[in-house]
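Please look over the sequence and the model below. The report that follows walks through some of its local features.

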Amino acid sequence: VDFPIPEPTPWSRKWHSHKFEGPGIRYEIAVSIFNIWIVLYNGPFQCGAWLDKKIFKSLLILKLAHEECVVADCGYKDTRRVCHPDMGTPEQQRAMEVARVRHKTVNGQLKNWESMKHVFRHNRNKHHLVFRSVLVIEQIKIKNGRPPFQIDPVVDPI
């Protein structure tokens with residue numbers, strides 16, 4: 001998930017986020033498919049210099065159990081241990097799509113915070129402190145009965 005920051009000086013393309021056509025900081029967030037908890041975050045990273053796949057390989061892939069995989073979009077197609085929506089049976093594809101939508105809902109809840117929604121006007125080296133605080137509050141809300149929504153556990157992803 002990307003968050004806007006002020007234009008760094010000197011200007012550098014490595015900060016550019018295609019999501020809002022400006023400079024930004026990127027974080028990786030992993031949400032459990034089975035209990036909706038936020039299980040990992042990684043960052044901050046420069047949006048233009050760190051693609052999602054590179055961030056994934058920097059930490060999350062190292063935290064997965066031997067046969068464990070993650071559900072992600074098709075931008076990770078050539079990455080092992082990633083299941084994406086065009087894999088598996090139609091039921092598995094549907095379950096993976098629902099998991100991705102739920103994850104996007106978690107990302108959206110983070111962006112509902114004024115401190116995350118607008119350009120971060122403070123020292124960008126402190127952005128991670130605000131981000132982590134918001135993440136912890138959102139996790140507490142999830143654990144106390146305000147989850148995004150639950151996936152029907154009829155079909156496990158691949």
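## Phe 20 and its surroundings

Start with Phe 20. In this predicted model, Phe 20 lies in the loop between strand E2 (16-17) and strand E3 (22-31). Is Phe 20 buried, exposed or partly exposed? Its relative accessible area is 30%. Buried would need under 20%, and exposed would need over 50%. Phe 20 therefore counts as partly exposed.

Which residues does Phe 20 touch, once its neighbours within four places in sequence are left aside? The contacts are Asp 2, Phe 3 and Pro 4. Now compare sequence and space. Phe 20 and Ile 33 are 13 residues apart in sequence. Their C-alpha atoms are 28 Å apart in space.

## Strand E3 and its partners

E3 pairs with E1, E2 and E4 in turn. Take E1 (2-4). E1 and E3 run antiparallel, with 3 bridges between them. Phe 3 sits opposite Ile 25 in E3. Phe 3 is also one of the contacts of Phe 20.

E2 is antiparallel to E3 as well, and 2 bridges join them. Here Ser 17 faces Gly 22 in E3. E4 covers residues 38-46. E3 and E4 are joined by 6 bridges and run antiparallel. Ala 30 has Leu 40 in E4 as its bridge partner. How well covered is E3? E3 is mostly covered, as 10 of its 10 residues are buried.

## Two hairpin turns

Most residues other than glycine have a negative phi. Two turns here hold a residue with a positive value. E2 and E3 form a hairpin with 4 residues between them. Glu 21 belongs to that turn. Its phi is near 50°, and Glu 21 is not a glycine. Glu 21 has 58% relative accessibility, so it counts as exposed.

E3 and E4 form a hairpin too, with 6 residues between them. What is the phi of Ile 36 in this turn? The value is positive, at about 70°. Ile 36 is not a glycine either. Is Ile 36 buried or exposed? Its relative accessible area is 5%, so Ile 36 is buried. The two turn residues can be set side by side: Glu 21 is exposed, whereas Ile 36 is buried.

## Cis peptide bonds

Most peptide bonds are trans. Two cis bonds deserve a look. The peptide bond from Thr 9 to Pro 10 is cis, and its omega is near -5°. Pro 10 is placed in the loop between E1 and E2.

Another cis bond joins Gly 43 to Pro 44. Its omega is about 10°. Where is Pro 44 placed? Pro 44 belongs to strand E4. One of these prolines is in a loop, and the other is in a strand.

## Helix H3

Now turn to a helix. H3 runs over residues 90-111 and has 22 residues. How far should H3 span? At 1.5 Å a residue, the expected span is 32 Å. The end C-alpha atoms are 31 Å apart, so the two values agree.

Part of H3 is buried. The buried residues include Gln 92, Ala 95 and Met 96. Further along, Val 98, Ala 99, Arg 100 and Arg 102 are also among them. Towards the end of the helix, Val 106, Asn 107, Gln 109 and Leu 110 are buried as well.

Note on methods. Residues are numbered from 1 along each chain as its sequence is written. This is a predicted model: local features need pLDDT of at least 70, side-chain atom pairs count only at pLDDT 80 or more; totals for chains, interfaces and linings use all residues. Side-chain values use heavy atoms; hydrogens and water are left out. Buried means under 20% relative accessible area, exposed over 50%, partly exposed in between (1.4 Å probe, protein chains only). Contact means heavy atoms within 4.5 Å. The expected span of a helix is 1.5 Å times one less than its number of residues. Two strands pair if DSSP finds at least two bridges between them.
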